[in-house]
Amino acid sequence: MTDKLIPLKIAGVGYSLPETVITNDDLTKLYDTSDEWIYTRTGIKERRVVSGEENAIDLGFDAAKKAIEKSGIAADEIDLILAASSAPPDLYPAIACHIQARLGISKAIPAFDITAACSGLIYGLSIAKAYIASGMYKNILIVATDNNSRLVDWTDRGTSILFGDGAGAVVVTQAEDGIDDIIAIDIKADGNYGHLIELAFDGKNCPLVEQYQEKPKGIRMNGRGVYTFVAKILPHYVEELITNAGMKAEDIDYLIPHQANIRIIQAVQERLGYPDEKVVTNIKYYGNTSAASIPIALAESVEKGKIKLGTTAVLCGFGAGMTWGGAIVRLREGIC
Ligand code: ACO
C-alpha cells in the first residue's frame, strides 16, 4: 500500500465473437416478426450466437488472450482477474476462475465475477482503478463476456430479437509515466427498478417444506419500461460525467456506448452534439452483447481503423439492476 494514488494505464484490449450469424430474416422462422420491424425499432440487422458446446468462457478466454498479447504483459504477471457476465454457464466456479485456469496461471491470485449486466465493463474498470490506485494490484485483467442466446426465451419476440453473444477484454496496469487513462469514472444502481429486466435462477425448496412458486425461465424484460428509464437518465448522466470532470463534450473524441438500442445511442449522441463519425456503433451486426458490448465496440473500432488512438473516449452503459455507469478514458497507441 502507498499514500500516493497510482495512475492506471489501459494496456491492451481484445474481443471475440462466435461465428454463427442469425439475421432478422432467420428469426421469422421462429415467430411473427420482420426485418423492418426489428431494424427500425432497434438498429439491429443480425447477431452472433454460440452453437454446440461453445460458451461465455470460451469467448472470454479468446478475448482475454488477445488483450494480454496487446498489453505486452505475460499472463503469469496478472495479479487479479475480474469477469463481468450475466450469462455464466455455471454460477460457480466463477468465469474469472475458469479463465485463470485456461490461461495456465498456476499462481494463486484473486479471481471473481461481477454481476452488473450490461454495465459490467464499467463496474470492472471502476474496481480495477481503485485496486491500482491503492497499489494493491499491479496488472489486472477484466473480461466482459455474455452468452445471452442461451438465456433468452426464444418464443418471446419482444426480447429475443435484441440479444447476441460475444466477449471483450481489457488489461490495465500501473502507468509509469504518471498519466491516468481513466480521466473520470462513475457507477450507479437503482434496485427499485430491478423488475424491468429479470433472469430468474431458482431451484426447489427442501422437499420436506412447502414448495416455492418457480419463476418463468429466460430473460424477462419490460422493453418499453427499460427504454423510458434509460432515455430519461442516460443522456443527462453522460453530460454530467463530462462536466464533473471539468471537460466539455467537444474535448472528447469519441462516444463508445453500450449497444442496446440505436435510438438510445442517438439520444446520448444528440445531447453531446456529436456527429456520427464520433459515435461507435456496431449494434447492426452484433445486437446487444450485454457486458461485452462496450469492449467489443472499442476493440473492433480500433482494429478496423474506425477510431484513432492517442485520443479520448466517453464510455457509457446501462443494464439490469438497474445499473449504469460511465468513464472518460484515454486510448493510447498500441492498445489494440
Ligand atoms: N416483431 C413484431 N412485432 C413485435 C415484436 C417483434 N419482434 N416484438 C413486439 N412486437 C409487437 C408487440 O406484440 C406489440 O404489439 P401490440 O401493440 O399488438 O400489442 C407491439 O409490437 C409493440 O410492442 P412494444 O413492446 O411496446 O414495442 P416497442 O416499440 O417498445 O419496442 C423494444 C420493443 C424494441 C424491445 C423497445 O422497447 C426497446 O428497445 N427497449 C429497450 C430495451 C433495452 O435496451 N434493453 C436493454 C437490456 S440491457 C440488459 O441489461 C440485459
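This passage describes a strand pairing, one residue of strand 2 and the ligand site in a predicted model.

Strand 4 spans residues 80-84, and strand 5 spans residues 111-114. The two strands run parallel. Four bridges join them. Within this pairing, L82 has F112 of strand 5 as its bridge partner. Helix 4, residues 95-102, belongs to the same arrangement: strand 4, helix 4 and strand 5 make a β-α-β unit. The unit is right-handed.

T20 lies in strand 2, which covers residues 20-23. The relative accessible area of T20 is 32%. T20 is therefore partly exposed, as this value falls between the 20% limit for buried and the 50% limit for exposed residues. Leaving aside residues up to four places away in sequence, T20 touches R47, R48, V49 and S51. D165 is 145 residues from T20 along the chain. The C-alpha atoms of T20 and D165 are separated by 9.9 Å.

The ligand has 24 residues around it. Of these, T33, C118, R224, N261 and A320 come nearest. N261 also places a polar side-chain atom 2.6 Å from an oxygen atom of the ligand. For R157, a polar side-chain atom lies 3.0 Å from a ligand oxygen atom. G223 contributes a polar backbone atom, which is 3.0 Å from a nitrogen atom of the ligand. Taken alone, the ligand exposes 1000 Å². The protein buries 73% of that area.

Technical notes:
Residues are numbered from 1 along each chain as its sequence is written. This is a predicted model: local features need pLDDT of at least 70, side-chain atom pairs count only at pLDDT 80 or more; totals for chains, interfaces and linings use all residues. Side-chain values use heavy atoms; hydrogens and water are left out. Two strands pair if DSSP finds at least two bridges between them. A crossover is right-handed if, with the strands pointing away from the viewer, the path from the first strand over the helix to the second runs clockwise. Buried means under 20% relative accessible area, exposed over 50%, partly exposed in between (1.4 Å probe, protein chains only). Contact means heavy atoms within 4.5 Å. A residue is near a molecule or strand if one of its heavy atoms lies within 4 Å of it. A polar contact is a pair of N or O atoms within 3.5 Å; within protein, one must be able to donate a hydrogen and the other to accept it, and residues adjacent in sequence count only if both atoms are side-chain atoms. Accessible areas come from the Shrake-Rupley method with a 1.4 Å probe; for residues, only the protein chains shown count as cover.
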